[in-house]
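Subject: Structure for you, with notes on its charged residues

Hi,

Here is the structure I promised to pass on. Have a look at it first, and then read on for what I found.

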Amino acid sequence: DINPNYEYGYIGAGILYYNQAIEIQEKAANEFDDKKYETLVKEFEKALENAFDPFEKAYGISKDNAVKVNIAEYLKNICYRFQDKDAKFKDGYAKYDEVVKTGQPK
């Protein structure tokens, strides 16, 4: 049986997508062709979006404050990227930035 409250499964999925995003971002930084660069940026953003939900799920179910603070660091970075696109990311950035600064999950 799958335990829907096993936070580390969600964390693992989030890290997988987040690391994919970082790899794509590095490729984009080295790309000189504008069209290829734009394609890579879209792939980068998609990978970050894919990381968001698993990290949020893990944050919501974790009972370990240290784990929550670590997850908040990822979520803060993702929300920062998209804060101008959607209010949920702007609000998320403020929330997770505060958690990272204070070390106190809400």
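A quick definition to begin with: helices here are DSSP runs of H or I with at least four residues, numbered from the N terminus. Please keep in mind that this is a predicted model.

With that in hand, let me start in helix α4, where Asp-97 and Lys-101 both sit, four residues apart, about one turn of the helix. These two form a salt bridge, with 3.0 Å between the closest N and O atoms. Their surroundings are unlike: Lys-101 is exposed, at a relative accessible area of 62%, while Asp-97 counts as buried because its relative accessibility is 13%, and buried means under 20%.

Asp-97 also meets Lys-76 in a salt bridge, at 3.6 Å from N to O. This pair links distant parts of the chain, since Asp-97 belongs to helix α4 and Lys-76 to helix α3, 21 residues apart. Both Asp-97 and Lys-76 are buried.

That brings us to how the two helices pack. The axes of α3 and α4 (residues 87–102) are 8 Å apart, at an angle of about 145°, and the crossing is left-handed. On the α3 side, the residues that meet α4 include Val-69, Ala-72, Leu-75 and Phe-82; on the α4 side, Phe-89, Gly-92, Tyr-96 and Val-100 are among them.

How many salt bridges are there by this rule? The count comes to four. One of them joins Glu-45 to Lys-85, with the closest N and O atoms 3.1 Å apart. Here too distant parts of the chain are linked: Glu-45 is in helix α2 (residues 34–61) and Lys-85 in the loop between α3 and α4, 40 residues apart. Glu-45 counts as buried at 15% relative accessibility, whereas Lys-85 is exposed at 56%.

Finally, a residue you may want to look at: Lys-68, in helix α3 (residues 65–82). Which side chain of opposite charge is nearest to Lys-68? That is Glu-7, 8.6 Å away, and Lys-68 has no salt bridge although it is buried. A salt bridge needs a nitrogen and a carboxyl oxygen within 4 Å. What the side chain of Lys-68 does reach is the backbone oxygen of Tyr-59, at 3.1 Å. Leaving aside residues up to four places away in sequence, Lys-68 touches Tyr-59, Ser-62 and Pro-105.

Happy browsing, and best wishes!

Terms used
Residues numbered from 1 in each chain as written. Predicted model: local features only at pLDDT ≥ 70, side-chain atom pairs only at ≥ 80, totals over all residues. Heavy atoms only, no water. Buried < 20%, exposed > 50% of the residue type's maximum accessible area, 1.4 Å probe, protein only. Lys, Arg positive; Asp, Glu negative; His and termini not counted. Polar contact = N/O pair within 3.5 Å; in protein donor to acceptor, adjacent residues only side chain to side chain. Contact = heavy atoms within 4.5 Å. Axes fitted to C-alpha atoms, helices over the stretch in contact; angles between N-to-C directions. Left-handed = near helix turned anticlockwise from the far one by under 90°.
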